Structures are given as C-alpha cells and as structure tokens.
Amino acid sequence: MYNLVQCTRCSKKMLDEEYSNHHCMPKIKEWKTIKFTNQYFIENEKGEKITSFVSHDGINYDFSEIIENKEYTKVPYVPILDTNKMSHKLDSTIF
Ligand SMILES: [Zn+2]
C-alpha cells in the first residue's frame, strides 16, 4: 500500500516520498485584470499577512499567502471509493 499525500497549496496528489521534491507552483488557468483604487497591507490576529485591494466598483479583495512549509502543507490523501461501481460489482457476484 502506497502512502498518498496531497499538497494543500496546489491540491496535487502524490506519493509521500515524492513530496520532499515537490516544486509547488499551481498551474495558471486564467488571467484577470482588476482595477483598484486603494491597496492595504495588514496582518490578521493569526499573524497572517494579507494584501487588500479595493476595486473601482467598491469590492474589497483580501489576498493571503499560503506559505510553503513542507511540514504543514502536506496532508494524507485517501481516494474516495466509487460506491456505485462497488455495488455494481457486488450485484454481479451475487447473481
Ligand atoms: Zn503544491
């Protein structure tokens, strides 16, 4: 049985032994340009650094960094079993 893990930054699933060499850079799927009028750099009560932008249409966007820390960004990954396929197999073995 392989130990599977998932990166909480990019959601990539891999073998545990591959994780130490994982170069985390989520694939860029889309570009967006948002015009802003104000920019703030704040720190919340957890000590996380947040960059806030107020867009020209009055929406506040908070961007907080998910810091890459191999100890904390790796979580165990357990694939979800497809119960429909399982019941199908069980049904066919009964008849
Ligand atoms: Zn990653």
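**Exercise 1.** In what order do the three strands of the open sheet that contains strand 1 stand, and is the pairing parallel or antiparallel?

*Solution.* Begin with the basis of the work: this is a predicted model, in which local features need pLDDT of at least 70, side-chain atom pairs count only at pLDDT 80 or more, and totals for chains, interfaces and linings use all residues. Residues are numbered from 1 along each chain as its sequence is written.

Step 1. The order is 2-1-6, and the pairing is antiparallel. Strands are DSSP runs (E, at least two residues) numbered from the N terminus, and two of them pair if DSSP finds at least two bridges between them.

Step 2. Strand 2 (13–15) and strand 6 (74–76) are at the edges; each has a single partner strand, so one side of each lacks a neighbour in the sheet.

Step 3. On average, neighbouring strands here are turned by 40° against each other, direction ignored. Axes are lines fitted to C-alpha atoms, and angles run from 0 to 180 degrees between N-to-C directions.

**Exercise 2.** Determine how many bridges join strand 1 to strand 6.

*Solution.* Strand 1 (residues 4–7) and strand 6 run antiparallel and are joined by three bridges. Within strand 6, Lys-74 is the bridge partner of Cys-7.

**Exercise 3.** Describe the open sheet that contains strand 4.

*Solution.* Step 1. Its three strands follow the order 3-4-5, with antiparallel pairing.

Step 2. Strand 3 (36–43) and strand 5 (60–64) are the edge strands, each pairing on one side only.

Step 3. From one strand to the next, the twist averages 20°.

Step 4. Five bridges connect strand 4 (residues 49–55) with strand 5 in the antiparallel sense. Ser-52 has Asp-62 in strand 5 as its bridge partner.

Definitions and conventions: Helix = DSSP H or I, 4+ residues; strand = E, 2+ residues; numbered from the N terminus.
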